[in-house]
Each structure stands twice: as structure tokens, then as C-alpha cells.
Amino acid sequence: MFQFLVNGEGGLTSAGYAVCIAAGALLFLLAAFFAGKGSKKSKITTRQLAFCAMSMALAFVTSYIKIFEMPWGGSVTLCSMLFIVLAANWYGVKTGILVGLAYSILQFIQEPFVLSFFQVCCDYIFAFAALGIAGFFASRPNGLVKGYIAAVLARGAFHSLGGYLYWMDYMPDNFPQSLKSIYPIAYNYSYLLAEGIITVIIISIPAVSKALSQVKKTAVDM
């Protein structure tokens, strides 16, 4: 059904790129719509559009700044997940999930690899959309930190599921056979938690925390 979108090497065809770009644009507009629904004015504002676009752009740019890269996909980046989490913290779960979905398409276009439709869902669509659950913690004390941690754990769960279903053959020979059952979990959470720890330390610095609070006030028109 989707063969016209994918070439024989697991990459995207021209039609595949076009469909992904269109889907990403639609998801971004939906994210902005829900951001507007969550505000007091109940409509999309230029500011909300700008902040949703900014969060996606910063996430995408910082995803290229890799502190460490894993051999079979995944890397420790310069806080790239944080910017999707910020959108969820500003505008709620629905917006966060949709921004995550739009971002997942950017990530897919950046490094597409297709084994099956469900593999794409696990490695891209579900994994990055899961960052939007950070919005559940937005109104709680230390909500940004708590939401970020929950988002990282949720993203890792989907990557690990994809690992069990599609990537077990890539387990290195020197990995202990007795621990084979936890290989996808160990692999995916190794880089996600490393980035998560770095990010939590940074956003817990009083000056950074205060600055992010001011940005949130601006983002939600307070």
C-alpha cells in the first residue's frame, strides 16, 4: 500500500518526501490550533504560531548537535527533546503531542529508514509524539522537570518496543547473552537518559529555570 513512498533501500521516494512534508505542515497547523484553544482568547494567535514553530525549529537544529552518537541509531544531543517538551508545557498535552508528531516527520525526513509501517511508528511517530505527555505535569510544582522526565521515559518505551520487534539482530556479539532480553531497553535508554540527565541539570540551574518561566509567560500571553 505504501510502496510508492519508499524505495528499495528503505529510504523515501520523491512522493514519500512530498507526503511527509504535507503531513508535517498539517500537524503543525493542528498543533497551533490546539494551542489557541487552550488560551483565554480561544483562537490561534501569531505569537502561538511563532512559539510552536520556534520549539520545532530549535529541536530540529539542536538534534544535529550530537555530543555522542550510537552505532545503530540514536544520539545524545544538545537538549533537543526539551524544546518539544516546552511546547507541551506551554500549551498542553494535545499541542505537545501534535508538535511531537510534526517533529517526528522532520526526523524521519532527516534520516529515513523503513522496515515496516509499524517500525516507523515505533522509531519516529509514537516515540516523538510521546514527548507531548509532558503537558500533563505543566501545572504541578517543578512541572517542567517532572514532565520532561516522564516524556523521556515514554519516548524510550516506544524505541525499546521497536528494538524488540525489529532490531534484535543488531545486538553486538560481546553483549552478555544472559542479558539479551533487556538489550533494546539498555541500548535506547543509555543515550536517552544521558541526554535527560544533562538537560535536567541545565534546566534546574536557578537562572535557567527563571528564564524558562519568563519565556512561558510570554508564550501563553500572560
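## Surface patch and main pocket

Strand β1 (66-69) and helix α7 (183-203) each bring at least two residues to a nonpolar patch; helices (H or I, at least four residues) and strands (E, at least two) are DSSP runs numbered from the N terminus. This is a predicted model, where local features need pLDDT of at least 70, side-chain atom pairs count only at pLDDT 80 or more, and totals for chains, interfaces and linings use all residues. Residues are numbered from 1 along each chain as its sequence is written, and side-chain values use heavy atoms, leaving out hydrogens and water.

Now the pocket. The largest one holds about 800 Å³ of space, and 32 residues line it, with Trp-72, Gly-73, Gly-74, Tyr-124 and Tyr-191 nearest its centre. A pocket here is an open set of points on a 1 Å grid over the protein atoms alone, where a 1.4 Å probe fits, with protein on both sides within 12 Å along at least five of seven lines; lining residues have an atom within 4 Å of a point. Volume is the space filled by probe spheres set on the points, which are joined across faces, edges and corners. Helix α7 gives the largest share of the lining, six residues.

The lining splits up like this, with Gly counted as polar:

| Lining class | Residues |
|---|---|
| Nonpolar | 14 residues |
| Polar | twelve residues |
| Charged | six residues |

Elsewhere, Asp-221 takes a positive phi of about 60° just after α8.
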